[in-house]
Amino acid sequence: PSSSTMKTLLAVVVFLTLGLQLAEGLDESFSQIIRVGKARVSCTFSLSYTSTSVDLSQSSARCSPKNKRIKSTTQTLTAPSGYVFQVTMSINKPNTKIVKAEITEVPEKETTEAPEKETTTSKEETTE
């Protein structure tokens, strides 16, 4: 194979490897107090998700006290990773179940944004 073919194959392999890591699921467990009217329950969430969606079949929640029953509530949850979720769930009817979950905010990746801002600033100065 020619040098350009090898470079192309290498680029494809690197791209696919990076793509798989980005699409790879994250699993995260955390607790949060849920308030609905006067009812207050402590829930532990175990969420399985990618950067774009939540896998409901692999996600769960447990809430206590068990005598609190809430037919349906939509809550905003913030995970330790910085992801923010909008979760619709039923609590203790008879079990706690996540009915719907979507990612509403993805944490910004740590990047060096300073050079980009400097470039933008210098363009603005040039256009003035």
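Contact here means heavy atoms within 4.5 Å, and by that criterion residues 24 or more positions apart account for 40% of the contacts with a separation of 6 or more in the protein, which is a predicted model.

**View 1. Overall arrangement of the predicted model, with two helices and six strands.**
Read from the N terminus, the elements follow the order α-β-β-β-β-β-β-α. Of the 128 residues in the protein, 25% are buried, and the protein exposes about 9300 Å², of which carbon and sulfur atoms supply 54%. The strands discussed in the views below belong to two open sheets, one with the order β1-β2-β3 and one with the order β4-β5-β6.

**View 2. The open sheet of three strands in the order β1-β2-β3, with antiparallel pairing.**
Strands β1 and β3 are the edge strands of this sheet, each of them pairing on one side only, and neighbouring strands are turned against each other by 20° on average when direction is ignored. Eleven bridges join β1 and β2 in the antiparallel sense; among the residues that face each other across this pairing, E28 has L47 in β2 as its bridge partner, while S31 has T44 in β2. The hairpin of β1 and β2 has two residues between the strands, and G37 in this hairpin takes a positive phi near 60°.

**View 3. The disulfide between C43 and C63, the one disulfide that the structure holds.**
A disulfide is a covalent bond between the sulfur atoms of two cysteines. In this model the sulfur atoms of C43 and C63 are 2.0 Å apart, and the torsion about their S-S bond is about 110°, so the disulfide is right-handed. Because C43 lies in strand β2 (residues 39-49) and C63 lies in strand β3 (residues 60-64), the pair ties together parts that are 20 residues apart in sequence. Are these two cysteines buried or exposed? Buried means under 20% relative accessible area; C43, with a relative accessible area of 0%, is therefore buried, and C63, with a value of 2%, is buried as well.

**View 4. Surroundings of S48 in strand β2.**
S48 has a relative accessibility of 11% and so counts as buried. When its neighbours within four places in sequence are left aside, S48 is in contact with L26, D27, V54, D55, Q58 and S59.

**View 5. The open sheet of three strands in the order β4-β5-β6, paired in the antiparallel sense.**
The edge strands, each pairing on one side only, are β4 (70-78) and β6 (97-105). On average, and with direction ignored, neighbouring strands of this sheet are turned by 15° against each other. Strand β4 runs antiparallel to strand β5 (residues 84-91), to which seven bridges join it, and T78 stands opposite V84 in β5.

**View 6. Surroundings of T76 in strand β4.**
T76, with 44% relative accessibility, counts as partly exposed. The C-alpha atoms of T76 and Q86 are separated by 4.7 Å, although these residues are ten residues apart along the chain. Apart from its neighbours within four places in sequence, T76 is in contact with V84, F85 and Q86, and also with Q32.

**View 7. The largest nonpolar core, a set of 22 residues.**
Which members of this core touch the most other members? They are F45, F85 and M89. Strands β1 (26-36), β2, β3, β4, β5 and β6 each supply at least two residues of the core, and β2 gives the most, with six residues.

**View 8. Contacts of F85, a member of the largest nonpolar core.**
Not counting residues up to four places away in sequence, F85 touches L47, Y49, V54, Q75, T76, L77, A79, E102, I103 and T104. One of these residues, T76, also appears in View 6, where its place is in strand β4; another, L47, is the bridge partner of E28 in View 2. V54, which F85 touches, is likewise among the residues in contact with S48.

How values were computed:
Residues numbered from 1 in each chain as written. Predicted model: local features only at pLDDT ≥ 70, side-chain atom pairs only at ≥ 80, totals over all residues. Heavy atoms only, no water. Helix = DSSP H or I, 4+ residues; strand = E, 2+ residues; numbered from the N terminus. Buried < 20%, exposed > 50% of the residue type's maximum accessible area, 1.4 Å probe, protein only. Areas by Shrake-Rupley, 256 points an atom, 1.4 Å probe, with all protein chains shown as cover. Pairing = 2+ DSSP bridges. Axes fitted to C-alpha atoms, helices over the stretch in contact; angles between N-to-C directions. Disulfide = S-S within 2.5 Å. Core = buried A, V, L, I, M, F, W, Y, C linked by side-chain atoms within 4.5 Å.
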